Amino acid sequence: MSTLTTEVLASVQDLRISFDAVEAVRGLTFDVHEGEVLAVVGESGAGKSLTARALLGMPPRGATVTGSVRLGADELVDAPRSVRSGLWGRRIALVPQDALSALSPVHQVADQLAAAVRSVDGVSRKEARARAVAALEEVGIAPDKTRAYPHEFSGGMRQRAVIAMAMLHQPDLVIADEPTTAQDPETQKQVLDLLARRTGAAGAALVLVTHDLAAVREHADRMLVMYAGRLVEAGPVDEVFGQPRAPYTAGLLASVPVDEGTLETSAQGAPRQGRGALTSAAPPRGRDQPKTTRSLSTAIPAERKRRLPAIAGAPPNPTDLPPGCAFQPRCPLADATRCRTEQPEPETQDARTVACHRWHELPDNPAELFLESV
Ligand SMILES: Nc1ncnc2c1ncn2[C@@H]1O[C@H](COP(=O)(O)OP(=O)(O)OP(=O)(O)O)[C@@H](O)[C@H]1O
């Protein structure tokens with residue numbers, strides 16, 4: 001469990017990532033706090049994966065990165081590879097999207113973990129193997145399975161094995177970029193539960209890049225919403241889900257299907273959306289009190305609930321961004337002046353950050369704004 005009261009672990013300042021002068025990440029500033037789960041959300045092409053790779057100190061080939069990404073005293077932007085690779089596995093670890101390509105097909109899974117142990121701690125082969133087997137046991141892979149090769153594991157087991165590998169050296173920061181996309185829904189849930197549990201137990205911060213807003217609701221402490229390479233909104237998950245400030249966030253959250261059969265009542269008696277309405281009935285990480293946030297979808301009059309709100313149109317291509325706010329062509333709140341001419345800068349109040357000229361004017365039922373566009 002973490003809150004803004006915990007120390008800043010990693011700090012990203014004015015991060016810009018471009019390819020051949022086309023900026024895909026355009027001045028991103030945020031912090032990751034010790035021990036928190038920070039979800040990074042937004043539509044395809046928003047710059048989530050590039051941001052995750054910058055946090056790892058592994059930008060793609062051909063990318064020009066400016067700004068600052070600091071992990072404690074270490075600056076990752078422009079650091080020599082030897083400095084960055086010295087952090088990998090030890091202080092920063094990756095849980096990749098595709099475990100199969102992350103594991104060698106020709107070596108036993110436990111041997112691969114043992115090699116990872118020995119690459120950092122110069123222990124004997126026997127000791128490394130014992131630590132690998134113990135790490136696999138911690139993620140539910142029994143010792144009789146540790147002589148298996150990756151192709152002998154199910155997709156979920158492989159993903160558990162890469163989680164075990166990521167946690168071997170107790171990193172401070174774990175980056176998981178869509179760690180469950182290839183799995184069926186039940187396995188996705190198990191893998192995410194495990195990831196949150198293992199990072200939580202180790203006190204590591206987890207940056208979770210995902211399209212799965214149900215997983216965000218369930219596992220994340222804070223969320224960062226990105227659009228067209230910029231920050232749109234950031235804040236505690238409960239607060240952002242309960243009362244988004246940016247129209248883009250409101251549209252994104254309102255488009256999550258709601259199972260009306262799972263609506264429940266909050267401590268204050270106001271209707272709220274149960275987490276089960278999204279995917280899961282388990283309490284979110286570190287929180288055991290009933291949520292008191294108002295659901296966006298429950299705020300829509302009953303006769304209109306059948307139509308699911310949606311954001312019309314598609315995100316812009318980074319080579320052809322609209323003037324002003326990048327979201328304005330799709331934004332039901334955009335005006336014809338400032339929104340179309342001036343890029344909004346992030347404003348921070350308490351734990352919330354929003355970049356929108358008109359966020360004060362967002363109505364109480366912002367999902368309504370997006371119903372018309374279905
Ligand atoms: N190696 C690359 N070369 C050129 N452009 C790239 C490269 N990687 C990413 N981009 C561009 O940067 C933008 C952001 O990409 P990124 O992968 O970070 O998006 P994303 O938000 O993670 O999307 P998705 O949810 O689909 O994974 C995209 O428009 C993409 O075309």
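**Group meeting: a two-domain model with a bound ligand**

I will start at helix H1, which is mostly covered: seven of its nine residues are buried. Those seven are Lys48, Leu50, Thr51, Arg53, Ala54, Leu55 and Leu56. Just past the end of H1, Gly57 has a positive phi of about 75 degrees. Before going further, please keep in mind that this is a predicted model.

Why begin with H1? Because of the ligand. Helix H1, residues 48–56, gives the most to the shell around the ligand, namely three residues. In total, 13 residues surround the ligand, and the closest are Ala24, Ser44, Lys48, Ser49 and Leu50. Two of those names, Lys48 and Leu50, were also in the list of buried residues of H1. As for the make-up of the shell, six residues are nonpolar, six are polar and one is charged.

Now the whole protein. There are 374 residues, and 44% of them count as buried. The secondary structure amounts to 12 helices and 14 strands. Taking contacts with a separation of 6 or more, 66% are between residues 24 or more positions apart.

On annotation, there is one item to report. An unreviewed UniProt entry carries "domain: ABC transporter" over residues 10–253. Within residues 10–253 the chain is 39% helix and 26% strand, with 27 Å between the end C-alpha atoms.

The domain assignment divides the protein into domain 1, 8–227, and domain 2, 244–371. Where the two touch, 19 residues come from domain 1 and 19 residues from domain 2. On the domain 1 side, the elements that give two or more residues are S2, strand S3 (37–41), helix H7 (185–202), H8 and S9. Which of these gives the largest share of the domain 1 side? It is H8, with five residues. By type, the domain 1 side that touches domain 2 has 10 nonpolar, four polar and five charged residues.

H8 deserves a slide of its own. I picked two of its residues. Val216 lies in helix H8, and it counts as buried because it has 26 C-beta neighbours inside 10 Å, where the cut-off for buried is 20 or more. Leaving out residues up to four places away in sequence, Val216 touches Ala39, Val41, Thr210, Met223 and Val237. Val216 and Val40 are 176 residues apart along the chain, yet their C-alpha atoms are separated by 8.7 Å.

The next residue is Arg217, also placed in helix H8, residues 213–219. Is Arg217 buried or exposed? Arg217 counts as buried, because 25 C-beta neighbours fall inside 10 Å. From Arg217 to Phe241 is 24 residues in sequence and 7.9 Å in space, C-alpha to C-alpha.

On to the interior. The largest nonpolar core has 104 residues, and those with the most contacts inside it are Leu113, Ala161, Leu173, Leu206, Val207, Met223 and Val225. Helix H6, residues 155–166, supplies the largest share of this core, seven residues. The core is not confined to one domain: at least three residues come from each of domain 1 (8–227) and domain 2 (244–371). Take Ala161 as an example from that list. Setting aside neighbours within four places in sequence, Ala161 is in contact with Ala99, Leu103, Val109, Leu136, Ile141 and Phe153. Met223, also in that list, came up a moment ago as one of the residues touched by Val216.

Last, some backbone geometry. Most residues other than glycine have a negative phi. Two alanines here are worth checking on that point. Ala21 is not a glycine, but its phi is positive, about 70 degrees. Ala21 sits in the loop between strand S1 (8–19) and strand S2 (22–33). With 7 C-beta neighbours inside 10 Å, Ala21 counts as exposed, the limit being 12 or fewer.

The second is Ala228, whose phi is also positive, near 50 degrees. Ala228 is in the loop between strand S9 (222–227) and strand S10 (230–236). How many C-beta neighbours does Ala228 have inside 10 Å? There are 24, so Ala228 counts as buried. In short, both alanines are in loops between strands, but Ala21 is exposed and Ala228 is buried.

That is the end of my slides.

Conventions:
Residues are numbered from 1 along each chain as its sequence is written. This is a predicted model: local features need pLDDT of at least 70, side-chain atom pairs count only at pLDDT 80 or more; totals for chains, interfaces and linings use all residues. A residue is near a molecule or strand if its C-beta atom, placed from the backbone, lies within 6 Å of it. Helices (H or I, at least four residues) and strands (E, at least two) are DSSP runs, numbered from the N terminus. Ala, Val, Leu, Ile, Met, Phe, Trp, Tyr, Cys and Pro count as nonpolar, Asp, Glu, Lys and Arg as charged, and the others, Gly among them, as polar. Two residues are in contact if their C-beta atoms, placed from the backbone, lie within 7 Å. UniProt positions are given in the numbering used here, feature names are shortened, and annotations may be inferred rather than shown by experiment. Domain bounds come from an automatic or database domain assignment. A nonpolar core is a set of buried Ala, Val, Leu, Ile, Met, Phe, Trp, Tyr and Cys residues joined through C-beta atoms within 7 Å.
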